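Reader: I have just started learning to read protein structures, and the labels puzzle me. Could we look at one together and ask where its labels come from?

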Amino acid sequence: MRGVDPSELVEAEIYPQIWDSPASLEWARDVFTPLTEFFRGASSAGHAILIWLD
C-alpha cells in the first residue's frame, strides 16, 4: 500500500482550497470551535463519542 501524495488530495478536492488565503485561519476557527466545545461537553458529562469514517 502506498501513501497519498498531497497533489492527489488537491486533485480529488478532498480539502478546501483556501489555505493560501488570509481568511483560512478564520474559516478553520469557525468550523472547529463548535466541534471542540461539543467534545469538551461530552467529556465533562462522562460520555464517549464514536466516530465512524466510511
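Author: Happily; what follows is a talk about the labels given to this structure and the reasons for them. Please keep in mind that this is a predicted model.

Reader: Let's begin with the overall build: how many helices and strands are there?

Author: The protein has two helices and zero strands. Helix α1 covers residues 6-11, and helix α2 covers residues 24-44.

Reader: How do you know how the protein compares with a compact globule?

Author: We set two values side by side: a compact globule of 54 residues would have a radius of gyration near 10 Å, but this protein has 16 Å. Its C-alpha atoms fill a box of roughly 40 × 35 × 15 Å along the principal axes. As for cover, 6% of the 54 residues count as buried.

Reader: Which distances along the chain could I check for myself?

Author: Try glutamate 11 and alanine 45, which are 34 residues apart along the chain and have C-alpha atoms separated by 41 Å. Serine 43 and serine 7 are 36 residues apart in sequence, with 36 Å from C-alpha to C-alpha. Then there are alanine 12 and proline 22, 10 residues apart, whose C-alpha atoms are separated by 23 Å.

Reader: Why is glutamate 11 called exposed?

Author: Exposed means over 50% relative accessible area. Glutamate 11, in helix α1, has 69%, so it counts as exposed. Serine 43, which is found in helix α2, has 55% and is therefore exposed as well.

Reader: And what makes alanine 12 partly exposed?

Author: The label partly exposed is for values between the buried limit of 20% and the exposed limit of 50%. Alanine 12 has 48%, so it is partly exposed. You will find alanine 12 in the loop between α1 and α2. Leucine 35 lies in helix α2, and its 37% makes it partly exposed too.

Reader: How do you know that glutamate 26 and arginine 29 form a salt bridge?

Author: In general, side chains of opposite charge can pair when their charged atoms come close. The rule asks for a side-chain nitrogen of Lys or Arg within 4 Å of a carboxyl oxygen of Asp or Glu. Here the closest N and O atoms of glutamate 26 and arginine 29 are 2.9 Å apart, so this is a salt bridge. By this rule the count comes to one salt bridge.

Reader: Where do the two partners sit in helix α2?

Author: Glutamate 26 and arginine 29 are three residues apart in the helix, so about one helical turn separates them. Glutamate 26 is partly exposed at 40% relative accessibility, and arginine 29 is partly exposed at 41%.

Reader: Why is the pair of phenylalanine 38 and phenylalanine 39 called edge-to-face?

Author: A search of the whole structure finds one aromatic pair. The ring centres of phenylalanine 38 and phenylalanine 39 are 5.9 Å apart, and rings pair if their centres lie within 6.5 Å. Their planes stand at 75°, and angles over 60 degrees count as edge-to-face, so the label fits. Phenylalanine 38 is exposed at 51%, whereas phenylalanine 39 is partly exposed at 33%.

Reader: What makes the nonpolar surface patch?

Author: The patch, of about 1200 Å², includes Trp19, Trp27, Leu35, Phe38 and Phe39 among its members. To join, a residue needs over 30% relative accessible area. Phenylalanine 39 has 33%, so it passes that limit. Over its whole surface the protein exposes about 5200 Å², and carbon and sulfur atoms supply 61% of it.

Methods. Residues are numbered from 1 along each chain as its sequence is written. This is a predicted model: local features need pLDDT of at least 70, side-chain atom pairs count only at pLDDT 80 or more; totals for chains, interfaces and linings use all residues. Side-chain values use heavy atoms; hydrogens and water are left out. Patches are made of residues with over 30% relative accessible area and no salt bridge: like charges are joined within 9 Å, nonpolar side chains (Val, Leu, Ile, Met, Phe, Trp, Tyr) within 5 Å. Accessible areas come from the Shrake-Rupley method with a 1.4 Å probe; for residues, only the protein chains shown count as cover. Helices (H or I, at least four residues) and strands (E, at least two) are DSSP runs, numbered from the N terminus. Buried means under 20% relative accessible area, exposed over 50%, partly exposed in between (1.4 Å probe, protein chains only). Rings of Phe, Tyr and Trp (its six-membered ring) pair if their centres lie within 6.5 Å; planes under 30 degrees apart count as stacked, over 60 as edge-to-face and the rest as tilted. The radius of gyration is taken over C-alpha atoms; the globule rule is 2.2 Å times the number of residues to the power 0.38.
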